[in-house]
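Welcome! Keep your viewer open and follow along, one selection after another.

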Amino acid sequence: MSRIQGGLIDRSRKLSFTFNGKPYQGCAGDTLASALLANGVQLIGRSFKYHRPRGVFSAGSEEPNALVELSGGARQEPNTRATGIELYDGLQANSQNHIGSLSHDLLALNDLFSPFFAAGFYYKTFMWPRAFWEKLYEPAIRRAAGLGALSMLPDPDSYDRGYLHPDLLVIGGGAAGLMAALTAGRAGAQVVLADEDFMLGGRLLAEDTAIADLPGAAWAKEVTTELQSLPNVRLMTRTTVFGAYDHGIYGAVERVSDHIADPGASVRQTLWRITAKRTILATGATERHIPFENNDRPGIMLSGAMRAYANRWAVTPQAKAGDPIAIFTNNDDGHRTALALAAKGVALHGVIDTRAGAKSLGDYETFAGATITGSKGRKGLKSIRIAQAGRSEWIDCGALGVAGGWNPNVHLASHHRGRPVWDADKLTFVPDADSLPGLHIAGAAAGQGTTAEALADGARAAMAALSEIGLSAAPADIPRAGEEPTGIEAFWHVPGKGRAWVDFQNDVTVKDIKLAHQENMRPVEHLKRWTTLGMATDQGKTANVTALAVMAELTGKTIPETGTTIFRPPYTPVSLGVLGGGDSGANFRPHRLTPTHAWAESQGAVFVEVGQWMRAQWFPQPDEIHWRESVDREAKAVRDAVGVCDVTTLGKIDVQGPDAAEFLNRIYANMMGTVKPGKVRYGLMLREDGHAYDDGTCACLAEGHYVVTTTTANAGLVYQRMEFARQCLWPDLDVTLISTTDAWAQLAVAGPKSRELLSRIVDDFDMSNDAFPFMSCSELTVCGGLRARLFRISFSGELAYEIAVPARYGNALMERLIEVGQDLGVTPYGTEALGVLRIEKGHAAGNELNGQTTANMLGMQRMVSLKKDSIGAVMSRREGLIGDKRRLVGFVPVDATQPVVAGSHLITQGDPVDMEHDQGWITSACYSPHLGSAIGLGYLENGDQRFDEEVIAANPLEGVSVRLRVVSPHFIDPEGERLRD
Amino acid sequence: MGFSGFRVIKEALTGHKGWGTLWRNPEPQAEYDIVIVGGGGHGLATAYYLASVYKQSRIAVLEKGWLGSGNIGRNTTIIRSNYLLPGNQPFYEFSMKLWENQEQDLNFNSMVSQRSILNLFHSDGQRDAYRRRGNAMHLSGADGQLLSQDDLRQMVPFLNFDNARFPIKGALMQKRAGTARHDGVAWGYARGADQRGVDLIQNCEVTGFRIENGTIRGVETSRGYIGAKKVGVAVAGSSSRVMAMAGMRLPIESHVLQAFVSEGLKPTIPGVITFGAGHFYVSQSDKGGLVFGGDIDGYNSYAQRGNLPVVEDVIEGGMALMPMIGRARLLRSWGGIMDMSMDGSPIIDKTHIDGLYFNGGWCYGGFKATPASGYAFAHLLATDTPHNTATAFRFDRFSRGHVIDEKGVGAQPNLH
Amino acid sequence: MLIPHPLLGLRDAQEFTYLGDANMMARPDPTGPDAEAAFCDYVFLRDNPAGVHRELWFHEQGDRSWLVVTRNTVTHEILSAELATDVARKDA
């Protein structure tokens, strides 16, 4: 390991890691990139298209080249920027996107054939023969494309969500951000300071400039210490604010334990939703490079990155320590790298400066008015060609820093589609100050890039932000710091014949931009999409502005006329695991449990997901092998004796008030306001467009007090709609609504012995048919004083009741009913038997009420009252709805051994099976133990006039076709005598 | 000169000097027979089929921004013909057949890739609904298969079969479905139209219609007045704004739909997969990114950007469905403006103004419709009669009660 | 987004569900002439402006009030929020 002097690493804490299986050592405070450089490793990855050898290009999250795969079984993580990985003991990284070894990548052949792979080439070929695209060309392309690989195993880590509501969110902990946080923190404001790095200080950690006579990094440490002491300030390192959303909401991801060798049970990352009254964007700037021929070799990096590696990590990027380093620049900042290196005794070849009048700032050679026109060294830089005054010369060079000026990190400020503005002096895009409500931009992100400017601007932004929210802050003492002029002169790329890379990862060269221009792909979005410029994992952070400049040169327009690209979230890539917030697997949605769940579980019930509810599907007995045995037994028990089923999931809405009757008349298509206390009525609701919406019952418990039931699926929606009608349409009706679905446990007690069973638990209540006939309801007590509601309604067609008790007594009531009904053969039944019973009775449910049907189709056209208005009444009378001749009918197979399959389409016998002859479809089907054959319900054209006709149930999807006989949908007791008995 | 592998090789060997422009940058003429407003996928396809199939001439496409900057520039690239209702299914199947010949027809590789779609189901009710839909597909001549959970375990073993809140019970598969390279589709149609003499005019915003006595005369634009015998509007996302200039209110709301792409990955997902217990659909691009999306944000918007709750909701669905994507990273998200119609289905129809035609209301399914939409709109513009696969896409279906409501949620656009 | 609930202050929009244009409060007279045509417009047609839009939000995970929110559909800026009941009574 070779280090130069200084740095912010802890040389006493050695960390072991491997790269491509080879062991190395680094220090605490290293990134993977700095540790690899310290070990002389230059070649780290391969580019996307040409598989060119690549090394470290930057020292931050803008890295286009040094992408690695972190290994670890299911924790394998592809495409991870070595420049952002905090080194830990035991880290294992591998290079990616090559076939064979990293140094002998077979796909590097692509580079030899690169002339064939020019921008957009794939749109022009691979078209013949047609079938070859999916079979040959595309699979080959797909295998070669992509970068790293997933393990294909479920992500084993946990993730969390968090919410913060600070007065001020400061994004970026460099000079401007620290000063802003300090100013606001001292003023007592609630401050969150987030920075993607694991240390606060930003560029100060990478520079050797002084602040108030301290080294910049030491000043940052002092400020950090003070901020840590303030209870109103929350410092969040390793936290990337990735997106700016509406009304001051920012998305951020904190990498909680990615840097810990053994994180134990800790969450891996946390997704923060930060709702800030005001925000300061102090995200600094990213350096750009200057394309020249073969400028992509390992060992060529951004000049500012080279300075960061020297100052913060005490490394230089040559393969061999002592090889001379050169700098290529169009501004003074490149010289500052030379100064920093010289100060640490690094051998320098000099600074190649495109400016004719450039002068050295220290003791090194400057080539003024010079450019670099080529480089050599396939797997690591060996030499560069310097052109000056018409002459060119190859010189040996171990590493090259390139300084093309700095682009403010305007990304977040553009997330609301605000466009940055071109600053012709600074030769860069700066953010529009009003780009985003509540956002103040400070420091280098605002184009205020010198240390002194950044400090002052951070303090200013904090004062301005606080005053907008009525907080005052004392003006901070702004410490003395350096003014670093840049003296930049426009120089965007070195002209030449060879390939000069603009976008490294996606292999977009100046030539590709020229070809896009030649082919009229000139608008910036066409340029991007035709060449893939800026579409790699770095989103063109080091490429886009340079590419615009090249295009501007070709079109003769200015850069701002040529355009800007739109920045979209996220700022840097964010793991899908954390964006999912940890609610995966069985926790994807809440489990709603019915009141009798515990009892059902104790009985070994099989459960089924019904929306968010878990409902008992059937209750298998020990001797039952097939589910049908259980379901048939349960259904028969209801027909022959008595069954009990938890129907709590059906929606219940309490409607109270003097105008409740009038209100219900307007909600239901049928007349509902006339239902008398103690009575229940079936009701149909329409949508305002006239289609059938929901059905259920409405029970009048007392004058002005009703209980409306809805289907399980629509419980929330019907309530919402009723509130809409109450609040928005008819606010003058004196009526109040409350959803009581979860407040009452409701059990269906159905079967010829249901009266007998219930009479054993009611307290002094006359259950006789005369006293409590079909469609009655009453409040009463059961089991010795438990308040309850009893409804005599039937879904199965049998004598039946539904009994409701406060939800917490539901389980006990179920136990009691089963206990006291043993001699009656009481049988719990689940949703499957419930379905069988209702199909046998011809009751519509979700499959029939699917939102596409009308009252006519359901055979309920007469329920839509003409005597009153109601939601949907007017629209239900339109031609298309009235004219719909499909009707809900029943079906039995002509051959009783055949099944009826829901989803089959109905075709008149003898007609071709095609859409033109489609006569309807089977909505629901089951085996009816009562009839001893399969049965079904379905909609059929003129179905009500086709009883006894045989039709074809076509199921070409599964290659089956069955003859069915059309019958009444009421397979059981069509006269309805049983339920009135 | 045409595109071919031989040509690519020849140009590569001669420094790519021979490639001409993909299309011209013509100045607008004073008048055209047919002006198409909107240079997105549907507008460009319309122009192409008008010129190639219906042999019309003097055609211009007016585009406010750059060609292909409509929703064809920002979608999840899925093509399929797996609809339920008779008003839709034959149209989308016609579109699928056009996709299948698109590259050869256009001489442009739009990377139509028939890698299949799986619509997963998680309950018996969903299975029945998919069976009904799959049979409707067969009835209109499309392909479809019903797969069991065992089939899926073989085919896509990385799905969450064993620890799911809503277990995967099976899927409706359409093998001929897949994806296409969205920008390539726009460019292919643009180049094909340009080669047939259509003027593609970029940076030309329509600012008004000139209508005299109920008949269209032309359009006012940011580049001056342009006369037209017929004007076809295909500006999904901006339909209400543009048609308001002709005094029309539409059965459409504009909503934002976010879409997402991950960093590039080696082959991970074979075709298109849709989750049936949450709204999540995903495919993998040839470049390697997982391309996915979910629900619209749910409120009216022209902002082309969405908010965090839907981002979380979509990715939560993704993680629930395939927890192996947890280590992949979201690279980019974006928002497009959808014409959400009142029944979830599109409109291709004449208007009450003679010579003014409308194509819109594609909700978030417009990409797959691009070829058939262009074809049917061209048919309508050229013949004044609806194409036989698009007869149901009329304005008056709403008032008459013939909505094409695949989801059955009624006139609430954010539920479609 | 944050919605300034007139009673509860700023609330995250995630607590709400969205219905659409507040014109849906102006249900036509079902007994009027051309009631069917009026209802067709009411149910199906929208202004759908790019700009200021009055729209209905339901505080489903909150106090279950319907709000009329005035919001810019281009910037998402919220200009006001009122209880729909108040608006309905005022308009009645």
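Select chain C and colour its residues by burial: 37% of the 92 residues here are buried. Bear in mind as you look around that this is a predicted model.

Stay with chain C and switch to a cartoon view. You should find six strands and two helices. Trace the chain from its start and the elements come in the order β-β-β-α-β-β-β-α. Turn chain C about its principal axes, and its C-alpha atoms fit a box of roughly 45 × 25 × 20 Å. Now show the contacts in chain C with a separation of 6 or more: 47% of these join residues 24 or more positions apart.

Next, move to chain A and select residues 597-868. An unreviewed UniProt entry lists this stretch as "domain: GCVT N-terminal". Helix makes up 26% of the span and strand 29%, while the C-alpha atoms at its two ends lie 43 Å apart.

For a closer look, pick out strands E34, E36 and E35 of chain A. In that order they form an open sheet of three strands with mixed pairing. Which strands lie at the edges? They are E34(A), residues 592-593, and E35(A), residues 606-610, each pairing on one side only.

Zoom in on E34(A) and its partner E36(A), residues 613-618: the two run parallel and are joined by two bridges. Show side chains here and you can find A:Arg592 opposite A:Trp613 of E36(A).

Finally, add helix H20 of chain A, residues 831-841. Helix H20(A) packs on the sheet, where it touches E35(A) and E36(A). Its direction makes about 70° with that of E36(A).

Conventions
Residues numbered from 1 in each chain as written. Chains lettered and ligands numbered in written order. Predicted model: local features only at pLDDT ≥ 70, side-chain atom pairs only at ≥ 80, totals over all residues. Helix = DSSP H or I, 4+ residues; strand = E, 2+ residues; numbered from the N terminus. Buried ≥ 20, exposed ≤ 12 C-beta atoms within 10 Å, placed from the backbone. Contact = placed C-beta atoms within 7 Å. UniProt positions renumbered as here; feature names shortened; annotations may be inferred. Pairing = 2+ DSSP bridges. Axes fitted to C-alpha atoms, helices over the stretch in contact; angles between N-to-C directions.
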